[in-house]
Amino acid sequence: MIGTTPAAGAAVLLVGEAPGATEDATGLPFVGRAGALLDQLLAEVGLPRATVAVANVLKCRPPGNRAPSKLEVAHCRPFLAAQIAIVEPRVICALGGTAAQWFFGTGAKIGQLRGRAHDVEGRQVVSTYHPSAAIRFGPAGMWRAALRDDLAFVAQLAAAP
Ligand code: URA
């Protein structure tokens, strides 16, 4: 099972999809390639990785790295809900489509959701692209720039008085 790093008290909770191979091996979220990009972008926007909590929708890696099934998401739902309750973040940042759907339902479209904070059960939730998408489309791709902008917005919300 994947935990959060660190746990209670972080102002920001980032939520990804599911552990990859490196995450499964270490038991920590976002420590592989997507995690390296995430760390870099977080540092760029002044939100060091060590200060944020990180979790995933799924707690185990789906076989062959396939997309999570609805049933798997439903089974893992109470664990992420418990993590949110423990961390009590000011801002949650949903990374990618699976996390967007967890917060906003099946029809969630990141392109329409991003750019503002949404109230979800009393918490501010910002939706953005997954770091893996940013990697797939390259350093000059619009996904990387969008992800960086959205993380900067999350940093702003977290620092607001
Ligand atoms: N992708 C995710 O969504 N989560 C991780 O922890 C790693 C890669």
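This report walks through the ligand and its pocket in a predicted model.

## Who surrounds the ligand

Let's begin with the ligand's neighbours. The residues around the ligand are G16, E17, A18, E23, P29, F30, N56 and H130. Sorted by class, this shell holds 3 nonpolar, 3 polar and 2 charged residues.

## Polar contacts

Three residues are worth bringing up on your screen here, starting with E17, where a polar backbone atom lies 2.7 Å from an oxygen atom of the ligand. With H130 the partner is a polar side-chain atom, which is 2.7 Å from an oxygen atom of the ligand. N56 also uses a polar side-chain atom, but this one faces a nitrogen atom of the ligand at 2.8 Å.

How much of the ligand does the protein bury? On its own the ligand exposes 240 Å², and the protein buries 92% of that area.

## The pocket that holds it

Now for the wider setting: the ligand is found in the largest pocket. This pocket contains about 480 Å³ of space, and 26 residues line it. Nearest its centre are A18, G20, A34, H130 and S132. Two of these names, A18 and H130, also appear among the residues around the ligand.

Which elements give two or more residues to the lining? They are the helices α1 (21-26), α2 (33-44), α4 (97-104) and α6 (131-136). By class, the lining of the largest pocket divides into 10 nonpolar, 10 polar and 6 charged residues.

Terms used:
Residues numbered from 1 in each chain as written. Predicted model: local features only at pLDDT ≥ 70, side-chain atom pairs only at ≥ 80, totals over all residues. Heavy atoms only, no water. Near = heavy atom within 4 Å. Polar contact = N/O pair within 3.5 Å; in protein donor to acceptor, adjacent residues only side chain to side chain. Areas by Shrake-Rupley, 256 points an atom, 1.4 Å probe, with all protein chains shown as cover. 1 Å grid on protein atoms, 1.4 Å probe; cavity = no way out; pocket = protein on both sides within 12 Å on 5 of 7 lines; lining within 4 Å. Sits in = over half its atoms within 2 Å of the grid points. Nonpolar A, V, L, I, M, F, W, Y, C, P; charged D, E, K, R; others polar. Points joined across faces, edges and corners; volume = space filled by probe spheres on them. Helix = DSSP H or I, 4+ residues; strand = E, 2+ residues; numbered from the N terminus.
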